[in-house]
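Got the viewer open? Load the model and get ready to click along.

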Amino acid sequence: MPEASATAGTHAPPRVDDRIVLRPWRAADLDDLVAHADDARVSRGVSDRFPFPYTRADGEAFLAGRVVDMSVPVFAIEIDGRAAGGIGVRPFAGERRVGAEFGYWLGQRYWGQGLMTRVVAVFAPWAMDALALERLQATVLDFNVGSARVLEKNGFTEEGVHRRALRKRGQLHDLRMFARLREPDHGCVP
Ligand SMILES: CC(C)(COP(=O)(O)OP(=O)(O)OC[C@H]1O[C@@H](n2cnc3c(N)ncnc32)[C@H](O)[C@@H]1OP(=O)(O)O)[C@@H](O)C(=O)NCCC(=O)NCCS
């Protein structure tokens, strides 16, 4: 098991507020997962590991741990008792294990209510503490204004743009790189 996940395993997932809980995914989430994930507007902002259409077989593969490594923190975002989205962090390896990348999504019916801003406000400091991270980063597709705002409102700084970094649905896109550092900023030895 990677060192980082062993550390995270000692930390319970954080509660966001009275409506929103982060918790491990369960096999019983399949119906809710597919209902929210099978949405072109959700999948266009995230990795191709999150396909469209999103079938029950895709959901089963994810919940069985065949799509992402579930030994690191990968949580369902439960809203009012039902899984309605996901958030997860992937620690880097070797000399880069001071850092990690995270990603998130929410079912479309919950967009625009400030919910992901609240989730990231709790999850980012929790993940940095649980995994002893100096750096937490997220990459955002050029058109994804909402995701960029979620990060900016949570103390992430835009560091630059990876130009023409990927092709999604036949279109080339830039990727915006955002990161938040552990405070205080110790700087780096040149
Ligand atoms: C991106 C996403 C997570 C945002 O979640 P959300 O709960 O709707 O975001 P919030 O309601 O907390 O909004 C945060 C800010 O973004 C703004 N925003 C949200 N969606 C927006 C959009 N489509 N266009 C412009 N601004 C938007 C909000 O107005 C708010 O800013 P403000 O407080 O300055 O007004 C959600 O749209 C989603 O799941 N998208 C699909 C998956 C995805 O793209 N994930 C991110 C991958 S990097």
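We'll start with the whole chain, then move to the ligand and one helix beside it.

This is a predicted model, where local features need pLDDT of at least 70, side-chain atom pairs count only at pLDDT 80 or more, and totals for chains, interfaces and linings use all residues. Residues are numbered from 1 along each chain as its sequence is written.

Color by secondary structure: the protein chain has six helices and seven strands (DSSP runs numbered from the N terminus, helices being H or I with at least four residues, strands E with at least two). From the N terminus on, they run α-β-α-α-α-β-β-β-α-β-α-β-β. Switch to the C-alpha trace, and the span along the principal axes is about 50 × 40 × 30 Å.

Now select the ligand and what surrounds it. You should get 22 residues, counting a residue as near if its C-beta atom, placed from the backbone, lies within 6 Å. The closest are Gly 45, Met 116, Thr 117, Gly 146 and Arg 149. Strand 4 (99–106), helix 5 (115–130), strand 5 (135–141) and helix 6 (145–152) supply at least two shell residues each.

Which element gives the most to the shell? Helix 6 does, with five residues, so select that next. Within helix 6, pick out the buried residues, Ser 147, Val 150 and Leu 151 (buried means 20 or more other C-beta atoms, placed from the backbone, within 10 Å of a residue's own). Look down the axis of helix 6: these buried residues fall within an arc of 95°, so they line one face of the helix (the arc is that of the directions from the helix axis to the C-beta atoms).

Definitions and conventions: A residue is buried if 20 or more other C-beta atoms lie within 10 Å of its own, exposed if 12 or fewer, and partly exposed in between; C-beta atoms are placed from the backbone.
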